[in-house]
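Please open the structure in your viewer and keep the sequence panel beside it. We will move from one selection to the next, with a few words at each stop.

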Amino acid sequence: MKKASVILSSALVLGTLLAGCGNNNSNNAAPTNAPAESTAPAETTAPAASDAGTAETGKYQDGTYYGTAPVDAETGWESFVLLTVEGGKITKADWDAFNTKTAGDLKKKVSEDGKYGLVSKGGGQAEWHEQAAKAEAFLVEKQDPAAVVVDDKGKTDAISGVSIGVSDFVTAAQAALAAGPAQAGPYKDGGYFAEGEMDKESGWKSTVALTVANGNIVAVNFSGVNAAGDDKKQYSIDGKYGMKAGGAAAEWHEEIALAEKYFLENKGAAPKLDAEGKTDAISGVSIHVGEYFTLAEKALEGAK
């Protein structure tokens with residue numbers, strides 16, 4: 001009996017100890033109805049870092065931005081984008097293009113005047129300037145050119161109603177933002193024209209076309225027209241002007257291209273000219289160029 005009592009007592013003590021250990025383990029464990037512990041970060045309603053700058057304080061420096069895309073070698077159109085940033089956010093986007101071959105009016109005006117013909121000639125669902133406006137609005141909404149996802153044909157499904165190529169728009173906008181705020185030039189954006197009097201001896205009338213973007217001269221076309229309506233530059237390109245046949249070192253269109261290059265590089269400033277309108281300041285140019293610089297100055301009077 002004594003042995004039985006000792007054994008029973010020992011069993012009771014051991015049971016008490018085991019129960020105590022069991023209670024300690026259950027106090028350290030999570031309740032069965034609680035969610036399992038996770039190492040993932042807690043969710044937050046605050047905007048992500050990449051969005052915070054745009055949604056709250058803005059991520060861009062205030063100012064006007066200007067950028068271009070590479071010129072289309074076939075058509076001569078070169079896209080540019082002007083962005084206005086206020087309060088760190090893009091508040092306005094202007095997508096347009098100038099023509100490096102013909103100069104003159106910007107692409108939007110050509111489209112607005114019905115001369116681009118995206119609908120009538122190209123079967124587009126809307127004119128170029130109308131589709132460009134939708135792309136501009138999309139960028140202002142999204143605040144990032146990368147939001148315009150472009151396929152291998154340069155088009156996008158991201159913007160409803162836009163079937164034109166937008167890769168140049170994205171490229172130019174990205175270039176503008178990368179370059180930072182730009183100082184605008186002294187002229188009003190647009191196309192400007194001037195022409196001289198018909199030369200009775202040569203049969204040609206000099207013509208000048210200029211394009212201004214972000215206040216600066218970005219394209220120029222020195223040419224001419226005869227009584228038949230031929231364009232002098234194209235006339236020379238087609239081999240009809242015949243300067244080389246007359247002993248010149250280059251054709252007329254080749255020499256006038258050098259004068260145009262000088263004009264752009266010197267922001268419209270004329271070289272030193274002699275009484276005949278010729279110059280020694282432009283290497284490779286033997287033709288009369290004085291009238292072109294005079295006409296360009298006249299054309300720009302409307303841009304001031």
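Select Asn221 and Lys233 and show their side chains: the two make a polar contact with each other at 2.6 Å. Keep in mind as you look that this is a predicted model.

Stay with Asn221 for a moment and colour its strand, β6, which covers residues 216-226. Is Asn221 buried or exposed? Its relative accessibility is 12%, so Asn221 counts as buried. To see what surrounds Asn221, add the residues it touches beyond four places in sequence: Lys101, Thr102, Ala103, Thr207, Val208, Ala209, Lys233 and Glu260.

One of those contacts, Glu260, leads to the next stop, because Glu260 is also among the buried residues of α7.

**Helix α7**

Select residues 252-265, the 14 residues of helix α7. If you set a distance between its first and last C-alpha atoms, expect 20 Å, close to the 20 Å expected at 1.5 Å a residue. Now show the side chains of its buried residues: Trp252, His253, Glu255, Ile256, Ala259, Glu260, Tyr262 and Phe263. What do they pack against? Their partners are β5 (204-213), β6, α6 (232-237) and α8 (290-299), so colour each of these in turn. Just after the helix, pause at Lys267, where phi is positive at about 55°.

**Helix α4**

Next, select residues 128-142, which form helix α4 with its 15 residues. The end C-alpha atoms lie 21 Å apart, and this agrees with the 21 Å that the helix should span at 1.5 Å a residue. Pick out the buried residues of α4, which are Trp128, Gln131, Ala132, Ala135, Glu136, Phe138 and Leu139. Turn the view to look down the axis: these residues cover an arc of only 160°, which puts them on the same side of α4. Elements that cover them include β2 (77-86), β3 (89-99), α3 (107-112) and α5 (167-179). After α4 comes Gln143, another place to check the backbone, with a positive phi near 70°.

**Lys92 on strand β3**

Strand β3 is one of the elements covering the buried residues of α4, and Lys92 is found in that strand. With a relative accessibility of 53%, Lys92 counts as exposed. Which residues does Lys92 contact outside its neighbours within four places in sequence? Select Leu82, Leu83, Thr84 and Val140 to see them. For a distance to draw, join the C-alpha atoms of Lys92 and Leu82: they are 8.1 Å apart in space, with the two positions 10 residues apart in sequence numbering.

**The whole chain**

Now zoom out and colour by secondary structure. The protein has eight helices and six strands, running α-α-β-β-β-α-α-α-β-β-β-α-α-α from the N terminus on. Of its 304 residues, 38% are buried. Among contacts between residues at least 6 apart in sequence, 53% join residues at least 24 apart. Switch on the surface to finish this view: the accessible area is about 17900 Å², and carbon and sulfur atoms account for 52% of it.

**Confidence**

For the last stop, colour by pLDDT. The average for the protein is 86, and 81% of the residues score at least 70. Then select residues 1-56, where pLDDT stays under 50 and the model has nine contacts beyond four places in sequence. Where pLDDT is low, the predicted coordinates should not be read in detail.

Technical notes. Residues are numbered from 1 along each chain as its sequence is written. This is a predicted model: local features need pLDDT of at least 70, side-chain atom pairs count only at pLDDT 80 or more; totals for chains, interfaces and linings use all residues. Side-chain values use heavy atoms; hydrogens and water are left out. pLDDT is the predictor's confidence in each residue, from 0 to 100. Contact means heavy atoms within 4.5 Å. Helices (H or I, at least four residues) and strands (E, at least two) are DSSP runs, numbered from the N terminus. Buried means under 20% relative accessible area, exposed over 50%, partly exposed in between (1.4 Å probe, protein chains only). A polar contact is a pair of N or O atoms within 3.5 Å; within protein, one must be able to donate a hydrogen and the other to accept it, and residues adjacent in sequence count only if both atoms are side-chain atoms. Accessible areas come from the Shrake-Rupley method with a 1.4 Å probe; for residues, only the protein chains shown count as cover. The expected span of a helix is 1.5 Å times one less than its number of residues. The arc is that of the directions from the helix axis to the C-beta atoms.
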